Structure formats: C-alpha cells, structure tokens
Amino acid sequence: MWIRLQEDIDTILKKDPAARGRLEVFLCYPGLHALIWHRLAHKAWGAGLTTLARFLSHLGRFFTGIEIHPGANIGRRVFIDHGMGVVIGETAEIHDDVTIYQGVTLGGTSLAKGKRHPTLERGVVVGAGAQVLGPFTVGEGAKIGSNAVVTKPVPAGATAVGNPARMILKTEERSASEELTGAAKTKEEFSAYGVSKNGDDPLIKAMHGLIDQAIAQQQRIELLEKQLSKGKSEPDCGDSVDCEELKALNKLVDN
C-alpha cells in the first residue's frame with residue numbers, strides 16, 4: 001500500500017503544475033484521500049464485509065466529496081483532480097494511469113444486476129462534468145471532453161465531445177501534416193480536461209463547411225451577374241448583404 005501511495009503522489013506531481021511538494025499533496029489532495037478510503041473499503045468488500053465497506057465508502061465521500069462504490073475496481077496511478085462531485089459506480093473498472101476531473105459520473109443506465117458501469121482503459125482522460133453511462137469500454141488513450149455525455153463505446157485514441165457525444169480525430173488518423181515529430185512521436189503530451197489539439201467538434205466543422213460552400217456559391221453568382229452586366233469580374237463579395245450574412249454565420253458558430 002505504501003508503494004501505491006508513493007506512485008499516486010508522483011502521478012499528481014507530474015500531472016498537476018500547482019502541486020509543490022509531496023507533503024502538500026499528501027495533506028491537501030482529496031482525490032488522493034478518496035483513493036486511500038476506497039482501497040480500505042474495497043478490501044472489506046472483497047472479504048464479504050459489505051456493510052463495513054459501504055460505511056467506509058460513505059466516510060470517504062463525507063471527507064472528500066468523491067463517491068466511489070467499494071465494488072469498483074481501480075488500477076494504479078489513477079489521478080482524481082479536484083474531485084468534488086465525482087461518482088463511480090459499483091461495476092466500474094478504471095485501469096492504470098487514468099485521469100478524472102471534478103463532476104464526472106461513471107454511471108449505469110440499467111437496473112439489472114451485473115455489469116452496469118463503464119470500463120476506462122489505460123491512459124483515459126475524462127474532463128470535468130462528463131457523464132459516462134453504461135457497460136461499455138472507453139479505449140486506451142481516449143479522451144472525454146468536459147460536459148460530454150457518452151453512452152456508447154469510445155475507440156482507443158479517440159476523443160468524445162458533446163451531448164450526445166460525437167467521436168473526433170483518432171491518434172492513428174492524423175494527416176501527414178499533423179504527424180508528431182521528435183520526442184512527441186514516442187510520447188504524446190498529456191491533455192488536461194480531455195482537451196485535444198485536434199479537438200474541433202465535427203458538427204461545427206460540418207457547419208463551417210456548408211457555410212463556406214454557400215459563400216463560394218454566392219460569390220460565383222455575383223461574379224456571373226457582374227460579367228453579364230459590366231463585362232468584367234470582381235471576385236470579392238463587395239457590399240452584398242447575402243454574402244456578409246453568410247460570413248457572419250461562420251463567426252456565430254464559433255461563439
């Protein structure tokens with residue numbers, strides 16, 4: 001248990017730039033305290049002392065604001081950052097090196113006994129306020145964006161954003177211009193809160209594409225009209241109200 005505690009402290013020092021020392025982490029990080037309470041409760045649960053296990057879990061929730069069912073399986077070097085409002089269900093499985101931020105729910109959508117909660121594979125990052133609901137797997141290295149609602153499997157390396165969650169760029173699907181180089185080729189940078197450098201919402205991308213296409217068509221129409229009336233071309237929209245409105249739509253989508 002002492003080795004696990006040292007690993008947890010080292011993980012926090014590595015992933016949280018606000019952490020300034022091992023003693024500070026040990027005394028002041030509720031995510032670390034919640035894991036300690038959970039390990040005690042999980043041992044009692046495994047020994048068949050279910051009432052004691054639930055009571056220890058309840059105490060952990062009281063002191064940390066993080067609710068972890070004693071039946072949940074949690075791996076090594078898991079980091080629960082800030083942690084307030086995190087809920088982890090009975091049949092949830094969290095593998096090594098996972099990061100979870102405040103307000104996250106790993107919940108179930110079924111009242112039947114058996115596997116009801118998600119499995120987070122190695123290296124998953126779950127952003128603040130995300131809801132991961134159901135007995136499916138979030139693949140290794142995947143990211144769940146803040147406030148996403150995920151109800152279906154997430155492939156390894158993918159990023160899920162929105163409500164309902166949509167999958168965006170996987171690591172292996174980068175174009176040649178986006179390939180990692182140097183040290184980043186062997187070890188990708190940690191993505192706090194599940195924010196990805198290529199994390200644009202695909203729905204927003206599609207809207208931009210449609211608006212850009214409409215602008216291009218409007219420009220062609222105006223060009224043809226000017227050629228017919230004046231015999232010369234001016235590719236810019238000029239003072240066209242329609243074209244300016246389309247450009248304004250592009251800005252509105254990003255706001």
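Is H117 buried or exposed? In this predicted model, H117 has a relative accessibility of 7%. Buried means under 20% relative accessible area, so H117 counts as buried.

It helps to see where H117 sits along the chain. H117 lies in the loop that links strand 7, residues 105-107, to strand 8, residues 119-120. Although H117 and G107 are separated by 10 residues in sequence, their C-alpha atoms are 5.3 Å apart in space. G107 is also one of the residues that H117 touches, once residues up to four places away in sequence are set aside. The other partners are G89, E90, T91, A92, L106, G108, G134 and P135. With T91 there is something extra to look for: the side chains of H117 and T91 are joined by a polar contact of 2.7 Å.

A little further along the chain comes T119, which belongs to strand 8. What does a relative accessibility of 9% make T119? The value is under 20%, so T119, too, counts as buried. Its contacts, leaving out neighbours within four places in sequence, are E93, H95, F136, T137 and V138.

The next part of the picture is a pair of helices. Two packed helices are described by the angle between their axes and the distance between the axes. Helix 1 covers residues 2-15 and helix 3 covers residues 30-46; their axes lie 11 Å apart and make an angle of about 155 degrees. Angles over 145 degrees count as roughly antiparallel, and therefore helix 1 and helix 3 are roughly antiparallel to each other. The crossing of helix 1 past helix 3 is right-handed.

Which residues make this contact? Helix 1 contributes R4, L5, D8, I9 and I12, while helix 3 contributes L32, L35, I36 and R39. Sorted by class, the contact between the two helices has six nonpolar residues, three charged residues and no polar ones.

R39 deserves a closer look within this contact. R39 is part of helix 3, and its relative accessible area is 13%. That value is under 20%, so R39 is buried. Not counting residues up to four places away in sequence, R39 touches M1, R4, L5 and D8. Among these partners, R4, L5 and D8 are also listed for helix 1 in its contact with helix 3.

Terms used: Residues numbered from 1 in each chain as written. Predicted model: local features only at pLDDT ≥ 70, side-chain atom pairs only at ≥ 80, totals over all residues. Heavy atoms only, no water. Helix = DSSP H or I, 4+ residues; strand = E, 2+ residues; numbered from the N terminus. Buried < 20%, exposed > 50% of the residue type's maximum accessible area, 1.4 Å probe, protein only. Contact = heavy atoms within 4.5 Å. Polar contact = N/O pair within 3.5 Å; in protein donor to acceptor, adjacent residues only side chain to side chain. Axes fitted to C-alpha atoms, helices over the stretch in contact; angles between N-to-C directions. Parallel < 35°, antiparallel > 145°, perpendicular 65-115°, else oblique. Left-handed = near helix turned anticlockwise from the far one by under 90°. Nonpolar A, V, L, I, M, F, W, Y, C, P; charged D, E, K, R; others polar.
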